[in-house]
Amino acid sequence: MTAITLIEDAATLNSQLASLDLAGRLSLVAGLGGRAVFTTSLGIEDQVITAEIGNHRLPIEVATLQTGRLFPETLALIDETETQYDIHIVRYEPEQTDIDAYAAKYGLNGFYESVEARHACCGARKLKPLARALSGATIWITGLRRGQSANRADTPFAEFDPERNLIKINPLADWDIDVIRAYVADNSVPVNPLHARGYPSIGCEPCTRAIKPGEPERAGRWWWENDEKRECGLHVHEEGAAAPAQ
């Protein structure tokens with residue numbers, strides 16, 4: 001499909017998804033045909049989406065980026081989630097050659113020293129595995145929400161991702177954290193115990209800290225950097241082609 005067609009399809013989907021509940025949004029996307037992949041970081045938002053996929057037996061692949069630096073609690077949650085929902089979460093790991101090359105150039109924990117080094121680490125441990133996870137996919141589903149950070153305040157339900165030439169679906173775009181927590185409590189969804197310890201956003205262990213009262217949800221990610229829009233690169237590209245948020 002051409003980029004123009006995908007942009008038009010994303011705009012149409014963006015309007016359709018706005019009026020549906022979460023189950024309806026995921027069911028609509030699952031019925032589009034092609035390969036749909038949901039990438040989960042095992043955070044509380046992603047656990048809600050996984051619960052819907054598992055409970056409704058939707059034909060959506062669930063994948064995670066097992067970076068090699070995740071918290072033990074996150075690793076344990078992968079197994080627990082698979083058992084509870086009778087699903088298989090595909091693990092995509094970095095190539096050892098990429099890790100070795102990074103360590104040779106920057107040192108194992110060189111990401112603390114410069115933004116360049118941190119981006120390089122995210123590239124080796126997250127972006128390259130993500131590219132493998134999405135290879136051949138037509139739909140990419142994420143747990144992005146508008147309330148996670150100012151950088152994500154305009155997150156649409158559907159958008160064209162020009163870098164990966166697919167449609168990206170954000171079914172929780174309009175959910176706030178209180179709705180997320182209520183869903184988890186009402187549906188006995190397993191969540192990372194780190195959330196209760198002040199970690200609303202959980203990534204790699206060396207790059208994540210608990211947040212302080214009043215800080216934004218993602219303030220604990222790469223906290224030593226000054227850029228308020230800091231991201232790992234999974235959800236950022238140079239020229240966005242997002243359908244307007246509803």
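A nonpolar core is a set of buried Ala, Val, Leu, Ile, Met, Phe, Trp, Tyr and Cys residues joined through side-chain atoms within 4.5 Å. The exercises below apply this term and others to a predicted model.

**Exercise 1. Identify which residues touch the most other members of the largest nonpolar core, and which helix gives the most to this core.**

Step 1. The largest nonpolar core has 39 residues. Those that touch the most other members are Leu-26, Val-48, Ile-53, Ile-60, Ile-141 and Ile-169.

Step 2. Helix H3, residues 44–55, gives the most to this core, with 5 residues.

Step 3. Take Ile-141 as an example. Leaving aside residues up to four places away in sequence, Ile-141 touches Leu-26, Val-29, Val-37, Phe-38, Thr-39, Ile-49, Ile-60, Ile-169 and Pro-171.

Step 4. Another core, of 10 residues, lies apart from the largest one; among its members are Leu-65, Tyr-92, Leu-130 and Leu-134.

Step 5. A general tendency applies here: in soluble globular proteins, nonpolar side chains tend to be buried together.

**Exercise 2. Explain why the buried residues of helix H5 line one face of the helix.**

Step 1. Helix H5 spans residues 96–106, and its buried residues are Asp-98, Ile-99 and Tyr-102.

Step 2. Viewed down the axis of H5, these buried residues fall within an arc of 100°, so they line one face.

Step 3. The general rule is that an α-helix has 3.6 residues a turn, so residues three or four places apart point the same way.

Step 4. The buried residues of H5 pack against helix H6 (115–134). On the face turned away from the buried side are the exposed residues Gln-96, Thr-97 and Ala-104.

Step 5. After H5 comes Gly-107, which has a positive phi, near 90°.

**Exercise 3. Describe how helices H1 and H2 pack.**

Step 1. Two packed helices are described by the angle between their axes and the distance between the axes.

Step 2. For H1 (residues 3–18) and H2 (residues 22–30), the angle is about 150° and the axes are 9 Å apart. Their crossing is right-handed.

Step 3. At the contact, Leu-13, Gln-16, Leu-17 and Ala-18 of H1 meet Arg-25, Leu-28 and Val-29 of H2.

**Exercise 4. Decide whether Trp-175 is buried or exposed, and state what it touches.**

Step 1. Trp-175 is located in the loop between strand S6 (166–169) and helix H7 (177–187).

Step 2. Buried means under 20% relative accessible area. Trp-175 has 15% relative accessibility and therefore counts as buried.

Step 3. Not counting residues up to four places away in sequence, Trp-175 touches Leu-22, Arg-25, Val-48, Arg-145, Ile-180 and Tyr-183.

Methods:
Residues numbered from 1 in each chain as written. Predicted model: local features only at pLDDT ≥ 70, side-chain atom pairs only at ≥ 80, totals over all residues. Heavy atoms only, no water. Buried < 20%, exposed > 50% of the residue type's maximum accessible area, 1.4 Å probe, protein only. Helix = DSSP H or I, 4+ residues; strand = E, 2+ residues; numbered from the N terminus. Arc of directions from axis to C-beta. Contact = heavy atoms within 4.5 Å. Axes fitted to C-alpha atoms, helices over the stretch in contact; angles between N-to-C directions. Left-handed = near helix turned anticlockwise from the far one by under 90°.
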